[in-house]
Amino acid sequence: METPGSQSSLHRANLERVVRAVRLAGSLTQAEIARSTGLSAATVSNIVRELRDSGTVQVTPTSSGGRRARAVTLSGDAGIVVGVDFGHSHLRVAVGNLAHQVLAEQSEPFDVDTSASEGFDRAEQLVTRLIASTGVGADKVIGVGLGVPGPIDVETGTLGSTAILPGWGGLNPRQELAERLGMPVQVDNDANLGALGELVWGSGRGVKDLAYIKVASGVGAGLVMDGRIYRGPGGTAGEIGHITLDESGPVCRCGNRGCLETFTAARYVLELLRGSHGPDLTLARMVQLAREGDPGCRRVIGDVGRHVGMGVASLANLLNPSRVVLGGDLAEAGELVLGPIRESVARYAIPSAARRLSVVSGALGGRAEVLGALALALSEVGDSSLLDASVPLVAGVS
């Protein structure tokens, strides 16, 4: 029996620290593990050897800074996680392992404003099909991450705004999917998961303080503070789309006037172009036309960028992030939208906040949210359970 402070309990704690560092990063060299955990190089070397012998991690040759090194990842057969992303017009599912490798992924069109029940039926079918395609048994699923395009009430687990998804009012998405799959499910809104995806796999790697701005049917922000998603006590942190820009402006779906969303979201800006570009214009098509030189589309995208930049400037003044990552279809416009965002930030943010802020496009495109859902599931994996599931460890002490 281990007692607090004993050598065996300290050793167990060190094992869990190493497993946690590797689990969250996906792959680390032994030197990076030492820096991340604060353990000595000798202790890390001994623990990695022990974890490798038990089958918990695998070690492969690599290079770091031009020198030979060894990359440590969790064993590929230690378990799998599932990510489910409900967008306003799609359903996307991915299956990955604990080494941060995506094993299967598929997206299909779906109007999230229709029946919630139909959406979960299709999610259940797609999850079951993709797990089967990997050849890994469903009993190896350790957790599921679920993303929905709306704020989640932290206390109840239900969607916090019926104005955003009226057909989902009173629904507990986590509970609904968990009952269908018979698996543990964690849920968050799409902007938070986009931030998490970019933080782990994309343009936010190596950054501890960032904001992920998604401009699509609505406008939201996922906030990362000191390396963690910040949700706020009610789960509504990051609702940047409802910053008031003009109190005499258009009425927003939230009931206020002149919200940032009314000047930037697809449902509003596309109306400015449909008279000249037809009723079937989409945000993705508008971006494509702008990149090809269409003057009307370029003007609208520039205006959207300037308005988004005003919201970003407010975030910079309040939270002082070091990076803002732009996601959604609008990010494909590149400098056509990033340039105007930076101009507004330079004008409206205090100089010290603007000077330290970089504004970049997301690296993951439409996959950011589903990869963030995988990262959410990975973040909830218990390090102790991973150790207990392995071959009994050597009883030595590091």
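In the predicted model, His100 is found in the loop that runs between strand E5 (90-97) and strand E6 (102-109). The phi angle of His100 is near 65°, a positive value in a residue other than glycine. With a relative accessibility of 13%, His100 counts as buried, since the limit for that class is under 20% relative accessible area. A comparable backbone feature is found at Asn320, a residue other than glycine whose phi is also positive, near 55°. Asn320 is placed in the loop between H11 and strand E12 (323-327), and at 41% relative accessibility Asn320 counts as partly exposed.

Helix H11, which Asn320 follows, covers residues 295-319 and has 25 residues. From the first C-alpha of H11 to its last the helix reaches 35 Å, close to the 36 Å expected at 1.5 Å a residue. At the start of H11, a side-chain oxygen of Asp294 comes to within 3.1 Å of the backbone nitrogen of Gly296. Within the helix, Arg299 forms a salt bridge with Asp303, and the closest N and O atoms of this pair are 3.1 Å apart. Arg299 and Asp303 lie four residues apart in H11, about one turn of the helix. An α-helix has 3.6 residues a turn, so residues three or four places apart point the same way. The two partners fall into separate accessibility classes, in that Arg299 counts as exposed at 55% relative accessibility, whereas Asp303, at 24%, counts as partly exposed.

The salt bridge in H11 belongs to a set of 17 in the structure. Side chains of opposite charge can pair when their charged atoms come close. Glu335 forms a salt bridge with Arg342, with the closest N and O atoms 2.8 Å apart, and Arg342 is partly exposed, its relative accessible area being 33%. Salt bridges that share partners also join Asp121, Glu124, Glu176 and Arg180 into one network. In a further case, the side chains of Arg52 and Asp53 meet in a salt bridge at 3.5 Å, N to O; Arg52 is partly exposed, with a relative accessible area of 36%.

Helix H3 (41-54) is one of the elements that supply residues to the largest nonpolar core, as described below. The 14 residues of H3 should span 20 Å at 1.5 Å a residue, and the end C-alpha atoms of the helix are 20 Å apart, in agreement with that value. The buried residues of H3 are Thr43, Val44, Ser45, Ile47, Val48, Glu50, Leu51 and Ser54. Just after H3, Gly55 takes a positive phi of about 90°.

In soluble globular proteins, nonpolar side chains tend to be buried together. The largest nonpolar core of the model has 43 residues, and those with the most contacts inside this core are Ile33, Leu51, Leu74, Val81, Leu98 and Leu196. At least two residues of the core are supplied by each of helix H1 (7-25), helix H2 (30-37), helix H3 (41-54), strand E3 (67-74), helix H6 (190-201), strand E9 (210-215), helix H14 (368-379) and helix H15 (383-388). The largest share, nine residues, comes from H14. When residues up to four places away in sequence are not counted, Val81 touches Ala94, Val95, Gly96, Leu98, Gly143, Leu374, Ala377, Leu378 and Val381. A second, separate core has 42 residues, including Val287, Val312, Val324 and Val359.

A search of the whole structure for aromatic pairs finds two. One of these is formed by Phe86 and Phe120, whose rings are arranged edge-to-face, at 5.4 Å centre to centre and with 65° between the planes. Because Phe86 lies in strand E4 (residues 80-86) and Phe120 in helix H4 (residues 116-134), the pair ties together parts that are 34 residues apart in sequence. Both Phe86 and Phe120 are buried, and together with Phe110 they form one aromatic cluster.

Key. Residues are numbered from 1 along each chain as its sequence is written. This is a predicted model: local features need pLDDT of at least 70, side-chain atom pairs count only at pLDDT 80 or more; totals for chains, interfaces and linings use all residues. Side-chain values use heavy atoms; hydrogens and water are left out. The expected span of a helix is 1.5 Å times one less than its number of residues. A polar contact is a pair of N or O atoms within 3.5 Å; within protein, one must be able to donate a hydrogen and the other to accept it, and residues adjacent in sequence count only if both atoms are side-chain atoms. A nonpolar core is a set of buried Ala, Val, Leu, Ile, Met, Phe, Trp, Tyr and Cys residues joined through side-chain atoms within 4.5 Å. Buried means under 20% relative accessible area, exposed over 50%, partly exposed in between (1.4 Å probe, protein chains only). Contact means heavy atoms within 4.5 Å. Rings of Phe, Tyr and Trp (its six-membered ring) pair if their centres lie within 6.5 Å; planes under 30 degrees apart count as stacked, over 60 as edge-to-face and the rest as tilted. A salt bridge is a side-chain nitrogen of Lys or Arg within 4 Å of a carboxyl oxygen of Asp or Glu.
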